[in-house]
Structures are given as structure tokens and as C-alpha cells.
Amino acid sequence: MKVAVVMGSISDMPVMQDAIDILKEFGIETHVDIVSAHRTPEKLVDFSSNAHNNGISVIIAGAGGAAHLPGMVASMSPLPVIGVPVKSSNSIDGWDSVLSILQMPGGVPVATVALNGAKNAGILAAQIVGSHDKAVLDKIIAYKQKLKEAVLKAAEGIQ
């Protein structure tokens with residue numbers, strides 16, 4: 001199973017790198033590309049309508065500003081799409097991106113994470129993959145255990 005991480009612009013890469021890194025940590029094959037909803041609409045249509053035929057099981061789509069990429073991908077793909085709103089240079093403090101991805105019409109769902117929340121998008125994609133792949137599921141369980149242990153250790157330090 002492969003997860004695609006797409007973004008509207010190379011300027012989104014510093015944010016989206018968090019998704020790529022966590023997917024690699026879980027050992028999930030990752031396809032990364034730039035697919036602009038506004039500047040490469042033909043590429044958007046081809047990617048979105050064929051991702052499921054190309055071994056992709058989940059799509060993470062990050063975009064800033066008007067942030068149409070996740071919704072447009074979801075409109076053409078039968079796969080789960082996770083949207084990452086990116087606070088970009090042309091953004092209205094990130095709210096435009098958040099609302100563009102969050103407020104999808106009925107029938108075209110996009111799971112939306114926090115502004116610049118690509119790490120959580122990667123974890124969610126891994127959990128979706130893990131629902132069908134025991135090796136990935138075991139890595140997620142171990143990851144969450146490490147999170148728990150870090151909190152407990154921090155709590156001991158303040159007592």
C-alpha cells in the first residue's frame with residue numbers, strides 16, 4: 001500500500017515534509033508530487049482519477065490560500081483524502097486554507113487536520129493503512145506507546 005503526498009506548490013514542501021517523514025518512519029511507501037489545482041488542472045485530473053489504479057491507498061493533499069487541491073482531488077478519487085491547510089504567503093492568516101478544506105459539500109469528504117498539521121495527516125494515513133496491514137498497525141501501537149511514555153516521564157520531572 002502506498003500513500004500519495006501532493007501539494008499545490010513547492011513552497012508547501014517545508015510543511016508537507018512532516019507527513020513524508022512520519023510515513024517513512026512507519027515504513028510506508030510514499031509517492032510525492034506537486035499537483036496544482038489552478039496551474040496544472042490536467043495533471044490534477046489525471047492524478048486524482050487514476051491514483052487508485054496506481055497502487056495508492058490514501059492521498060494527503062496540502063494547499064495554501066484558496067486551497068482547492070484537497071477538495072478537487074476528493075471530487076475525482078474514490079480514495080480517502082486527508083487535507084492539510086497550509087499557512088502560505090498569500091494566506092489570510094491560514095483561515096482561508098482551513099475553511100476551504102474543511103467546508104466540503106455533502107458527498108465529497110476530506111478529512112482535515114490542523115493548519116500546517118502534516119504530521120497528523122501522515123499519522124492518520126498510516127492508521128488507515130494499518131487497518132489492513134498488521135506490520136504498520138504494530139508500528140503505530142509502538143509509536144503511541146512512546147508518546148505515552150514521554151508524557152509520563154515529563155510528569156515525573158515536575159513532581
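A helix crossing is called right-handed when the near helix is turned clockwise from the far one by less than a right angle. Keep that in mind as we walk through this predicted model, because it describes how two of its helices meet: the crossing of α1 and α5 is right-handed.

Let's stay with that pair. Helix α1 covers residues 13–25 and helix α5 covers residues 118–130. Their axes come within 7 Å of each other and cross at roughly 35°. On the α1 side, the residues in contact are Val15, Met16, Asp18, Ala19, Ile22 and Leu23. Facing them from α5 are Ala118, Lys119, Gly122, Ile123, Ala125 and Ala126. Sort the contact by class and you get 9 nonpolar, 1 polar and 2 charged residues.

Now for strand β1, residues 2–7. Here 6 of the 6 residues are buried, so the strand is largely enclosed by the rest of the structure. Look at the side chains and you'll see two sets: Lys2, Ala4 and Val6 point one way, while Val3, Val5 and Met7 point the other. Both sets are buried, Lys2 included.

What does β1 pair with? One partner is strand β2, residues 29–34, which runs parallel to β1 and is joined to it by 6 bridges. For a landmark, find Val3 in β1 and its bridge partner Thr30 in β2. To get from β1 to β2 the chain passes through α1, and this β-α-β crossover is right-handed. Another partner is strand β3, residues 56–64, which also pairs with β1 in the parallel sense, over 6 bridges. There, Val5 has Ile60 as its bridge partner.

Methods: Residues are numbered from 1 along each chain as its sequence is written. This is a predicted model: local features need pLDDT of at least 70, side-chain atom pairs count only at pLDDT 80 or more; totals for chains, interfaces and linings use all residues. Side-chain values use heavy atoms; hydrogens and water are left out. Axes are lines fitted to C-alpha atoms, for helices over the stretch in contact, and angles run from 0 to 180 degrees between N-to-C directions. Helices (H or I, at least four residues) and strands (E, at least two) are DSSP runs, numbered from the N terminus. Contact means heavy atoms within 4.5 Å. Ala, Val, Leu, Ile, Met, Phe, Trp, Tyr, Cys and Pro count as nonpolar, Asp, Glu, Lys and Arg as charged, and the others, Gly among them, as polar. Buried means under 20% relative accessible area, exposed over 50%, partly exposed in between (1.4 Å probe, protein chains only). Two strands pair if DSSP finds at least two bridges between them. A crossover is right-handed if, with the strands pointing away from the viewer, the path from the first strand over the helix to the second runs clockwise.
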